[in-house]
Structure formats: C-alpha cells, structure tokens
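Trainee: I have a new model open on my screen and I'd like to learn to read it. Could you walk me through it?

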Amino acid sequence: MIIYESTKEQFVGDVVNELLIDRLYNSYQQKIGRTSKAEIRSWENSLQKMSNVMQDDGIPEDAAVAIEFNIPNTSKRVDFLVAGNDGNQDHVVIVELKQWEEVEKVPTRDAVVRTYVGGGKRELVHPSYQAWSYAALIEDFNENVQKQQISLKPCAYLHNYRKTENDPLTDSHYEFHMERAPIFAKGEIQKLRAFIKNYIRKGDQNRLIYQIENGKIRPSKSLQDTLNAMLKGNEEFVMIDDQKVFYEEALQLALESVRTRTKQVMVVEGGPGTGKSVLAINLLVNLIANDKTTMYVTKNAAPRNIYSTKLKKDFKKSHIDNLFKGSGSFTESDLNEFDVLIIDEAHRLNEKSGMFQNKGENQVKELIKASQFTIFFIDENQKVTLSDIGSTETIEKFAEEYGAQVIKRQLVSQFRCDGSDGYIAWLDDVLGIRDTANVNDMGMDYNFKVYDDPNVMLADIEKLNERNNKSRMMAGYCWEWPKNNRLDVEHLDITLPEHDFGISWNIENTWAIENTSVREAGCIHTAQGLEFDYVGVIIGDDLRMENGHINTDHTKRAKTDQSLKGIKKIAKEDPDKARQLADPLIRNTYRTLMTRGQKGCLVYCTDPELQSYLKERLARVTMYRRKREKDLYLVDEKRGY
C-alpha cells in the first residue's frame, strides 16, 4: 500500500502549491483510517526538502514518485521512492528521510547509533542500515521485483544534519553499511541529486511503483526451514529497526556479562509475529560462534522438535539436544552453570517442573540462577493454561533475588499476518479480548474466511498445502486425545457427525513439516511458537455466542487437556473465580491459533451463532474495504488517473 503516488512534476507542483499535506491526509484517512494533520505536518519539512532535491532538470518529469510505501509482511514504511530507468535497467531509488540534527557513535554495536528523538536520547539503527534493510525486505518479498529484475537503490537523507570533521555518523565503524546505502546530509543536495540521476535518467515507462505495490507476496522464510543454514553461519533473516537494535544490544550485553561475570537479565516483550523467535535463534547462532555455552529453551516441545528434526541430518543428535532444552531441565543446575540461556515463549513457563509438577521451585528462578546472562522473550497475552506463570513481574522478582540487573525492551516490528497488526487488533476486538479501533478494518488484505462445512475447509487447506507444505489444520482442545489411539492417524479424534467430518489430532510433534500430516489437526500445545502460510481453525464449544456476547465455557474442554487442570475444584468452591480464570485463557488460545497463519486464517465454528457472528464481522470488513476502494477510485478519477 502506498499513501501518495504521482509523477515528479505533479509532486513538485503539489509541494509548491501547498497541496501535498491535504492530499496526504485525505489519502491516509481513506487507506488507513486514522491519523491527524499534526502527524502529517511532521513530514512537511522532509518532503519540502525532497521537493528541492527533485527540482533538477536531469531528473525526468515523468519519473514516478511514491510516499509511504508499506513493506510487505512488515508494518514498516519506506519514506520516499523515485522510479525510472537509466537507459538499460529499471531502478527504484529508496530514500530514508531523517530529521536528526545530532548523532553519537555506538562503537560496541554494529549498525546502531544514538540520537535525540521523542524527547530523549535513544539507540536506533544507522540510517544506511535501515534503508538497506528495507530494500532487502522488498526484494525478498516482492515477486515482481525478483522476476522483472527491478533494481532497488537505497540511500538516506538527513537534511537537518550538518557533517563535521571526524563525524560519528560516517565513522568507519559504519562503512560497510554506507557502501550498501550511501548517506547524504545538509549541504549535500547535489550529491543526492547525482545519486538519483545515476539511476533515473528516463521516466517510469513500466509502471514500476505499480509493479512494486501490486507484486505477489512471496511467503517469508520460515524459521523452521532456515535454522540449518543459519547454524552454518549464513545470515538468513534480515532484522529491521528495533529487532536489529535489540539483537545488537543483547549480543553485546551477553558477551560483556560473561566476560565480567556480572549477572544480567533481559526481557523482550512482543506480540505474535514480532520476531521474538527470529531474534532468539540469531542470538543462539552467534553466541555459539563466540564460543559461549548457550541453549535455546522453551516449554513447548513442538518448536524444539521441529528445529532438531531439521538439523539432525547435518549435526550429531547430542549436539542438537544440547542446543534445545525444555524449561524444566534446570531444576538441579548450579549457579551460573551456563553462559547464556535464551528463553522463548517465556509466558509459558511453569512454577514446578516434571511430569507430575513436583520438581524444582520455580522455573523462572531456576533459569536465572543457572545462567550468567538470561534473556526472556515474552508475550503475556499468549498465556493459555492455568499453570503459565511467566510474567515480567515474576522475572524482575527473581532477578532482584540474584542481584541481576534487568533490561526491558519491547518489539513492535510485525511479520506475521501479512505484516498487519491491524488483523491482530481486529481479531482481539472480535474475540472480545480488548476493545480496539479496528472494529471494521484489518488494516491490510488478509485472507480470513468462515466456512459452513469443515470438509470444504479441510479440502481448501489441502489444496493450499500443495504449494509448499505450509498449511495446517488446528482445533480448540474440545475433543479427547486418548492414549490408546494416539499414534493411529485413522482414528478420528475430532468428529462432527452432522457434517460427516472426522480428523485425527497430530501424531508427531513434527507434524508442522511432515508432508503427510495435512489431514491431522494441531492443538494449542503443538501449534504455539510455529508459523504457517495458512491455518484452518476449528472453534469448539468452549467459545460460543450467547445473547449478543461471546462467552467461554471451560466445561467444554476435553478431559485430556491439562490447560485448565484444577479448574473443576475451583469451580465447586467459587464458580465466578473459575470463570474469571478460564475466560482469558480460552480466548487467548483461539487468538494464538488464529494468528499462526502468515497469509490467511480459515475458520469453522461448532456453534452456529458464533459462525453467524464471525460472518457478520467479516461482512463489515468487506463493506468497509469496498467503500474505501470506491472512495479511492473517485479520488483518482477526479485527479485524472
């Protein structure tokens, strides 16, 4: 999605005639639905500067200009694009605009600087790295860019920043990144013009901006498929913005903590798809490369088994087992036995360990004790069982007990659900988890579909899975998972007789990558922490629509589900307390299942009223989207596009 698109001639005219801000505001309101003129005016200075840059006879009048292009599969936006041809090759110049006036070098971290923004000094990625990473992501996700060999040329323009002798911004520490994306400062308008003119000598004859905006989105590289290459030293994931900052910070803190024997704890919070697992595995790979005794820890066995299965063909099993551990493996660990422990899905940690929850004292405490540097990746909104006790408050409590400094950070870069936090906000509103502004808007196109027949949904998942083995069925834990038939795929655990439908629970924890497991359903315990292209979710009777409200019913959960173990006893003593405890866990379960798909979520509900409600909410999204498209068409028609 692009907020503004025009030719160079029209862009300059809109700036000169003081029309650009109003047009940006109107476009933003129509496409996004929320902004303020004050926010738009914050761009005014930068866009005025870019207008000055573009007023050069060497830049063709019919070169294409675009403002605020949303990078596919992320929530990040490119500030400014110029598209055209150099006589032989199509090019799109990407310009990252900054209003910074001062910068401090951060010599201990790669591609990180310190500058004054938002009322204080903050560490941010170097503008050259940011511009390059955005270009790299577009190349990775946009099929038109790849197939048509559209060349992307990133750069950064700090129009308020005056370079000085021995300038920290252009220090040799950042040379590698500046070579990939040059940086231009105040007084270097001619250099920036020369950079643009080197690639844009003719106009945009091939509608490059349109090609980029409408290019088919290729699925992002999944963690499961690339860990093997990463452990061999290949950088398979491009980290952007706060991801890169937190990675560099965490890596330096871990190395320094081990070197000085200073105990530290880092907490990184982030919602679905913000890249927590990507950061965790990157840290694992690079800390191992630095000869640090490091382990990746998660309670959920599914991600660990996926990673192990992928790696066993190239590494000894003992090596894999020493990389990936369950959260209950540290009850008898000595103080600082490990250099670094990386805890993914930290919200799923338990108090006690062992099959019978009778070992150890507290998993959070034991993990902090066992490691010199402990980093927790956490999303408290993904707690799905009564035994999930992982929280920032608990981590801080035990860190203090061991005299460890706590560093807290929050991830916001979005990768799952088509790069749109709008879908997650809409889903939260739909499920009654929280009120959001996304009542009728998912923010971006996301394939959400409600089915009347689960057989049709399964058939669609099977068809989607033929593309790349990245589509799976899932279900709420409302059907028993008997031990006697656990390994029998022919035994239909989940049955819906009214539709003559049956499907088994997943046989192995590696069901996410097995070609034969598309007709098996994963539950919350085998799906959390994994990601797919498409998911088909069966919502059971524990979530229903009653009297105009979504209600939960913990009594509809299967007896074999341990998520709500002990809830019956609580219900006998205090029914209201039981409902209060179970309600958010049931809603979070479906929220988690319904955010596993990067490109789409297909849904069937056993409750007809809930089925109708979801259809009605989806219809409102469709109507809103059509109205927005109609409004945009009328605006374009009025402008003569």
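Trainee: What percentage of the residues in the protein is buried?

Mentor: Of the 641 residues in the protein, 58% are buried. Buried means under 20% relative accessible area, exposed means over 50%, and partly exposed lies in between, with a 1.4 Å probe and protein chains only. Before we go on, this is a predicted model, in which local features need pLDDT of at least 70 and side-chain atom pairs count only at pLDDT 80 or more, while totals for chains, interfaces and linings use all residues. Residues are numbered from 1 along each chain as its sequence is written, and side-chain values use heavy atoms, with hydrogens and water left out.

Trainee: How many helices and strands does the protein have?

Mentor: There are 22 helices and 24 strands. Both are DSSP runs numbered from the N terminus: helices are H or I with at least four residues, strands are E with at least two.

Trainee: And what do contacts say about the fold?

Mentor: A contact means heavy atoms within 4.5 Å. Take the contacts between residues at least 6 apart in sequence: 74% of them join residues at least 24 apart.

Trainee: Where would I look for one case of that?

Mentor: Try leucine 618, in helix H22 (residues 608-639). Its relative accessibility is 17%, so leucine 618 counts as buried. Leaving aside neighbours within four places in sequence, leucine 618 is in contact with Trp426, Met442, Phe448, Lys449 and Val450. Phenylalanine 448 is 170 residues away along the chain, yet the C-alpha atoms of the two are separated by 7.8 Å.

Trainee: What about a residue in a strand?

Mentor: Go to serine 151, in strand E8 (residues 151-158). Serine 151 counts as buried because its relative accessibility is 15%. Not counting residues up to four places away in sequence, serine 151 touches Gln89, Asp90, His91 and Val92. Its C-alpha atom is 8.9 Å from that of glutamate 139, twelve residues apart along the chain.

Trainee: How do I describe two helices that pack together?

Mentor: Two packed helices are described by the angle between their axes and the distance between the axes. The axes are lines fitted to C-alpha atoms, for helices over the stretch in contact, and angles run from 0 to 180 degrees between N-to-C directions. Here, the axes of helix H4 (residues 44-54) and helix H8 (residues 189-199) come within 9 Å and cross at roughly 65°. That makes H4 roughly perpendicular to H8. The scale is this: under 35 degrees is roughly parallel, over 145 roughly antiparallel, 65 to 115 roughly perpendicular, and the rest oblique.

Trainee: Which residues make the contact between H4 and H8?

Mentor: H4 brings Met50, Asn52, Val53 and Met54, while H8 brings Ile189, Leu192, Arg193 and Ile196. By class, that is six nonpolar, one polar and one charged. Ala, Val, Leu, Ile, Met, Phe, Trp, Tyr, Cys and Pro count as nonpolar, Asp, Glu, Lys and Arg as charged, and the others, Gly among them, as polar.

Trainee: Can you show me another pair?

Mentor: Sure: the axes of helix H15 (residues 363-370) and helix H16 (residues 392-401) come within 9 Å and cross at roughly 45°. H15 and H16 are therefore oblique to each other. On the H15 side, Val364, Lys365 and Ile368 meet Thr394, Ile395, Phe398, Ala399 and Glu401 of H16. This contact divides into five nonpolar, one polar and two charged residues.

Trainee: How covered is H17?

Mentor: Helix H17 (residues 421-430) is mostly covered, with nine of its ten residues buried. Among them are Tyr423, Trp426 and Asp429. After H17 comes glycine 432, whose phi is positive, near 75°.

Trainee: What should I make of a positive phi?

Mentor: Most residues other than glycine have a negative phi. Glutamate 18 has a positive one, near 60°, and is found in the loop between helix H1 (8-16) and helix H2 (20-31). Glutamate 18 is exposed, with a relative accessible area of 69%. Asparagine 166 also has a positive phi, near 55°, in the loop between E8 and helix H7 (175-180). With a relative accessible area of 71%, asparagine 166 is exposed.
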